[in-house]
Amino acid sequence: MADSQKYTAEEKARHAARVKEREARKKERQKQKKALTKQASIAPQATNGGHKTYDASLLKRARNVGGPPYEAFLKYLPHDCTEQQVTQFFAGCGSLEKAPRILKDRATGRVIRGFVTFAEEQGLQNALQKDGHKLGGRNISVTIATTHGTCQQEGTHTPAMASEVVDVLGARHSNGVFVDGTFGRGGHSREILKALGPSGRLHGFDVDEDAIRAGKQLEKQDSRFTIHRAPFSQMLKHLGDKVQGVLLDVGISSPQLDGGRGFRPEVEGPVDMRFDASEQSETALQYLVRVSRQELAAALEAFGGERPAHARRIADAVALAKAEDPSLSSMTTSKLAQLASAAKGHREYQQMHPAKMTFQALRVAVNREFAELRDGLEAATEACGLNGAVAVLTWKHAECAVVVDFQATHSLAEKDSMLLKYSSGVSDSWGVVVDQARRPTDAELRRNSRARSAVLHVHRKSRGTRLSDLEAKAGAVLNWAPHHIPVPAEQRAGCDRWGAGAGKKKKKRDETPEERKARKKAKKARRKE
Ligand SMILES: C[S@@+](CC[C@H](N)C(=O)[O-])C[C@H]1O[C@@H](n2cnc3c(N)ncnc32)[C@H](O)[C@@H]1O
């Protein structure tokens, strides 16, 4: 059959339209490519059968330069490279805004990376063309720096995703009541107050003495603001009416981190790590002295994300140190950092300090951060009126897991849920509707590299049938046995000590075969010890 007979007139017209559209897209792409090449002063690299070819990576980089700072990231530098050498290498590219920065490996003292900042975009574009060129005998890599360090003065804290937080809470021009459950240095509070209407109100909570001092200052400056010295899990005791939105920016603030209170392995100080240092609570050192090898290993894994083998070795190293000095009386941050790094074994070219996760785990443990977050989510949602929003900024995976778990167990059934057929006899209650989680924009990351791991979770309080209630009802009707999904380590470690399951021993008949095996193995090991 001839082609003209195979297709109907309508199909032929559709095909012609598609071809035309494809041609138009191709032309548009070529036009864009030409414009970019001109803008980036990138010459065609070669010709190929009459078609000009371009170095795709250069074009990509030309597209992504964005605004200032015009900073290049250097890799594979010679191990003894100096700032002077780098300055000379980029001499023809354009003037530098400041002296190049050279980063060295902590343990070996060798140069590993560097940054060079140009005064103008053209300087950076020219520098990118030196990618792969030889410096001191090594082919170095030159790419656009994606983060440029945190632009903040010492003692201040740059709030992450501040504008998004204000929007999701619905604080713009609102005269409602809001809560900042983690005041810190008031970065988010100030943004919320800027956006609030004249009779809006904001309650701040924190447990840190310096944060409370900063909050008192803000109280004097803005009558719409009140600071409370209390953990956010206790907010209901301090609030009157229902509120419109709550923010929890969990974790640690920059001034706490940099302030010599034992939070950082790089800064010498006592192994304290309490947010509320005035409280008669346990310090990280006392925690290390008190807990067993096994408990410490579990905490390092669950709260710091250490690999199990590393967690065990660090816990063993602490136990050996305790065997020599049971009260660890001479332990300081640098000694603990050394002990943890040595136990893990040194690896070259590590970006972060090898003891960072150990310190993080100890901080989470002594401040009961995950248990606080669980209780805080409950309190914040309870404090909200209908349609009120709870925004949570998390900084690490285990915190994310706590928030996602809370949202999943409190979410309402959607209209098309298959479980709704089991809704008879299930009464409505408050629950949550979860928004899509958000990440910082590239523009924000260029200004504030510390925001790189932030995730903004949002849920809104609503009324309806909770999915978990329907699941329970369906399970009863269908006579389903409960699921035996092993509880993730981070949840279990939190629950065992402080959470909902605190003090409750898991019944043997509720164990999975794997759990039974693990329990027996642990028992055997204990006996041997
Ligand atoms: C990441 S900072 C918040 C920074 C703040 N958003 C800002 O822009 O300045 C976390 C703060 O929460 C505080 N914090 C930690 N756990 C808390 C809790 N359970 N209750 C109240 N505040 C807490 C810490 O002391 C710290 O000041």
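Which residues gather in a patch of positive charge on the surface? Keep that in mind for the first close-up of this predicted model.

**View 1. A patch of positive charge sits on the surface.** The residues that gather here are R516, K520, K523, R526 and R527. Let's take R516 as our example: you'll find it in helix α20, which covers residues 513-528. R516 is partly exposed, and its relative accessible area comes to 34%. That fits the patch, because a residue needs over 30% relative accessible area to be part of one.

**View 2. Helix α14 is mostly covered.** This helix runs through residues 356-366, and 9 of its 11 residues are buried. Who's on the buried list? Here it is: M357, T358, F359, A361, L362, R363, V364, A365 and V366. Look just past the helix as well, since α14 is followed by R368, a residue with a positive phi, near 50°.

**View 3. Y76 has a positive phi without being a glycine.** Its phi is about 60°. Why point that out? Because most residues other than glycine have a negative phi. Y76 is found in the loop that links β3 (70-75) to α4. As for cover, Y76 is partly exposed, at a relative accessible area of 45%.

**View 4. E83 and P100 are brought together from separate spots in the chain, with 5.8 Å between their C-alpha atoms.** Along the chain, these two are 17 residues apart. E83 belongs to helix α4, made up of residues 83-89. That's the helix at the other side of the loop holding Y76. With a relative accessible area of 41%, E83 is partly exposed.

**View 5. H173 also isn't a glycine, and its phi is positive.** The value here is about 60°. H173 lies in the loop between α6 (162-169) and β9 (177-180). Is this residue buried or exposed? H173 counts as exposed, because its relative accessibility is 69% and the cut-off for exposed is over 50%.

**View 6. Here are two buried cysteines, C93 and C400.** C93 has a relative accessible area of 8%, while the value for C400 is 17%. Both count as buried because the cut-off is under 20%. How many disulfides does the structure hold? The count is 0. As a reminder, a disulfide is a covalent bond between the sulfur atoms of two cysteines.

Conventions. Residues numbered from 1 in each chain as written. Predicted model: local features only at pLDDT ≥ 70, side-chain atom pairs only at ≥ 80, totals over all residues. Heavy atoms only, no water. Patch = residues over 30% accessible without salt bridge, like charges linked within 9 Å, V, L, I, M, F, W, Y side chains within 5 Å. Areas by Shrake-Rupley, 256 points an atom, 1.4 Å probe, with all protein chains shown as cover. Salt bridge = Lys/Arg side-chain N within 4 Å of Asp/Glu carboxyl O. Lys, Arg positive; Asp, Glu negative; His and termini not counted. Charge placed at Lys NZ, Arg CZ, Asp CG, Glu CD. Helix = DSSP H or I, 4+ residues; strand = E, 2+ residues; numbered from the N terminus. Buried < 20%, exposed > 50% of the residue type's maximum accessible area, 1.4 Å probe, protein only. Disulfide = S-S within 2.5 Å.
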